[in-house]
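User: Hi! I am new to protein structures and would like to learn how to read one. Could you take me through some features step by step?

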Amino acid sequence: MRRSFILVFALLIGLSSQAQVALGGLYTPIYLQPDTTRIILRDYLADLKAEKIVLPEGLANISTDADQLLLVGNPHQKISTVEISHRKGTEHLVLIKSAAKEISFTYDRNDIGKDKEVHLIGTFNNWNRASEPMDYHRGVYSKSLQLEPGRYEYKLYMDGTEVLDPLVEQTVSNGLGSFNNILIVEGDSIQPAEFQIKENGDVLEVQHQNPAGHLVALWNNRRLEVICKKNLPPTCIIRIPEEAKRQKRSYLRIYHFLGENRGKDQLIPLEYGKVVRYASQLDRHDWHSASMYFIMVDRFANGDTTNDEPVQDTSIQPQANYYGGDLSGIQKQIDAQYFDRLGINSIWISPIMQNPSDAWGYWNKGKVKSKFSGYHGYWPISNIRIDYRFGNAQEFTSLISDAHSHNFNVILDYVANHVHINHPIYQQHKDWATPLYLPDGTKNTEKWDEQRLTTWFDDHLPTLDLRRYEVVDPLVDSALFWLKNYELDGFRHDATKHIDELYWRTLTYRIRKLRSEPVYQIGETYGSPGLINSYISTGMLDAQFDFNLYDAAVNTFALSENLANLKSVLEAGLSTYGYHHLMGNISGNQDRARFISYANGDVRFDEDAKLAGWDRDIPEAGPKAYKRLAMLHAFNYSVPGIPCIYYGDEIGLPGANDPDNRRMMVFEDWNKNESLLFAQVAELNKLRSEEMPLLYGQTTCYVEGPLLIIRRDYFEQSIAFIFNLSEEQQALELPFEMEVKRSLNTVRNGLVEDNLERAGLAPIKGLSYQILANY
């Protein structure tokens, strides 16, 4: 019998309230480019040499280098595989054919004037204002792009000013006080029907409705035979290999397509050849079950006051100086079972490398002026020495050991893109940095997209030229130092998109040589899904933080609008990163104003959020904003990826942008709203630790007026999250059949009420429900 339950999150005012195979061993699919696709074989084979390569029909390899493939042509099917044989056996790489279409933009001088310099900027080129300008010929501006089917936001950048497309009416708020245009590139009209999977001994039966589509199945990295029968419903048989019975953890992957459209991919964990049915069978090394918590060391907990040393410089305002948080403080909170009570199983710690002891940088917006200390840890003057203000090697070793005894992963934030100007590596090798000035004489600072791989963050932060191996090699050594000397479980990498692929490939290759167990690597990239995904592969990173989804979710839950946009961004991400990705779904981060202060209206979307933090006191939020933050948390737990809590978001810590969003954490004397939110987040973590649909389930998203519905399905288990963004009761005819067995509706004093009628969700014949509960 199908086991199902529904969770309701509503904004109603006045109502009661295995190791290696798990990461580097599973080969990521390769997205073919419209022209030439380069595959570096070492990314997948490490030191093994390919003895035989078989390509699908329609593709050819034009490379003369045995260590790489240069694929041209077009495979006959949307999803196919490359067969690679080596001395240890035969494996397959999944190929996904490009569906890019040529999209033309044309404007005549009556639309936008004549003799203009016009750039087309948007999510397709990461809003790069220095992109190639549109062609101008005989009074017509034109530009053609190759774009995959999907949704894109864009504008025109004309003579130094962003303007909307004069020929397009459809716009969406960009969350910054203005609007962007929307472009929809359509795919094939016929979509493959969804399928259900049943386990029958050593066989999986895949049942679909028409149109059924085609399946490509793999066990780990080996393609399996799929036998399909044209009965009703259409059924395909996939047999689990005998070898799976000898491995504690292995995986089945199923890819689905019809014509040029892909269906939803499926990832199924196995334990000794049997489908993993219960989340209790997983452990912290199964990264799809991770729930992460980000700690800014200086602002979390002060466990040792003897190492407190704020910079003695009156040019630094107090909020930009050291507060005293340290490694000892984190360990004391581990021992006090703070994270156990919250229910997370992975801790991400901000950089702990030595930072300077004096003042740098300068903030001057007129009213408030300040220099800064390196309290945040992102200005290293050493890449291998622990900052004495945070602790020492013995304390870090003890912290990791303690965390592991509580079954927590520990992930360290690592900075490779830049160093502080006083770092010995820069002082001794200034030629290893990119030029501070461009050929035209302008300063190359904060040119995030125009000079993505060379821009400096500030005058005192030289960017290292990681396009050169003589620079990459010692930086990789520094990163490996932390894995050799400490039992870390992963890295969070700063400024990922500003670092060349040479560094990521070198680092990941050497990590795999050093460690047999998985080392999870997650990056930070602001940009288009295509740019973000270009760093995610077997030879580079496992994931990145999904800032596009976060921005859409903030806009939706803080303002109770743009549900259709959130659905679109979610589905675009699933199409790009896969339906079982390991992306980070954040509640906030150190570079954004706190969500709850946006939701409470204390920080406006159309203002400078950093200035707001210096300009005025951002107060504690009200109950309504707490409900909105609870829904943001619930959304992050309802969708694929790893939920990541920015410290303090579990209790609604307020704040504008940095440094106001980096206040000292509070562990006691919580008010009613803070205590309730903590209990709600703890309940979400408990739910995630128990329910397989939230870890490996298929995902379907619906929007019905002010209601957002996220459904997750894993074999016979189903969960539906229902979010009501209005302040009124909503009647809903569920867009799917679901037998309700359990309901999580309200949390009061940390207790879950499972009574449907008490929550106002009494089942009615025909699957009609009244959404009355608040979360």
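Analyst: Happy to help; we will go through a disulfide, some sheets, two helices and a few backbone details. This is a predicted model, in which local features need pLDDT of at least 70 and side-chain atom pairs count only at pLDDT 80 or more, while totals for chains, interfaces and linings use all residues. Residues are numbered from 1 along each chain as its sequence is written, and side-chain values use heavy atoms, with hydrogens and water left out.

User: Let us start with cysteines. Which two form a disulfide?

Analyst: In general, a disulfide is a covalent bond between the sulfur atoms of two cysteines. The rule used here is a pair of cysteine sulfur atoms within 2.5 Å. In this model C228 and C236 fit, with their sulfur atoms 2.0 Å apart. The count by this rule comes to one disulfide. The link of C228 and C236 is right-handed, with 105° about the S-S bond.

User: Is C236 buried or exposed?

Analyst: Here we use relative accessible area, found with a 1.4 Å probe on protein chains only: buried means under 20%, exposed over 50%, and partly exposed in between. C236 is buried, at 4% relative accessibility. Its disulfide partner, C228, is partly exposed at 49%. Two further cysteines to look up are C644, buried at 3%, and C701, buried at 9%.

User: Next, sheets. In what order do the four strands of the open sheet come?

Analyst: Strands of a sheet pair through backbone hydrogen bonds, either parallel or antiparallel. Strands here are DSSP runs of E with at least two residues, helices are runs of H or I with at least four, and both are numbered from the N terminus. Two strands pair if DSSP finds at least two bridges between them. The order is β17-β18-β22-β21, with antiparallel pairing. At the edges are β17 (195-200) and β21 (226-229), each pairing on one side only. Neighbouring strands of this sheet are turned by 25° against each other on average, direction ignored.

User: How many bridges join β18 to β22?

Analyst: Five bridges connect β18 (residues 203-208) with β22 (residues 235-239). To find one of them, look at E205, whose bridge partner in β22 is I237.

User: Which residues of β38 point one way, and which the other?

Analyst: L707, I709, R711 and D713 point one way, while L708, I710, R712 and Y714 point the other way, and all are buried. That fits the strand as a whole: eight of the eight residues of β38 (residues 707-714) are buried.

User: Which strands pair with β38?

Analyst: Strand β37 (residues 698-704) pairs with β38 in the antiparallel sense over seven bridges, and Y702 stands opposite I709. These two strands form a hairpin with two residues between them, and G705 in the turn has a positive phi of about 60°. Strand β39 (residues 717-724) also pairs antiparallel with β38, over eight bridges; there, Y714 has Q717 as its bridge partner. β38 and β39 form a hairpin with two residues between them too, and F715 in the turn has a positive phi of about 50°.

User: Now helices. At what angle do α10 and α14 pack?

Analyst: Axes are lines fitted to C-alpha atoms, for helices over the stretch in contact, and angles run from 0 to 180 degrees between N-to-C directions. Helix α10 (residues 547-559) and helix α14 (residues 623-638) pack at about 145°, with their axes 9 Å apart. Contact means heavy atoms within 4.5 Å. On the α10 side are L549, Y550, A553, F557, A558 and L559, which meet R628, M631, L632 and F635 in α14.

User: Where are the cis peptide bonds next to P211 and P659?

Analyst: Most residues other than glycine have a negative phi, and most peptide bonds are trans. One cis bond joins N210 and P211, with omega about 0°, and P211 lies in the loop between β18 and β19 (214-219). Another joins D658 and P659, with omega about 5°; P659 is in the loop between β36 (642-646) and α15 (672-690).

User: What is the phi of W127?

Analyst: W127 has a positive phi of about 55°, although it is not a glycine. Its place is in the loop between β10 (118-122) and β11 (135-137).
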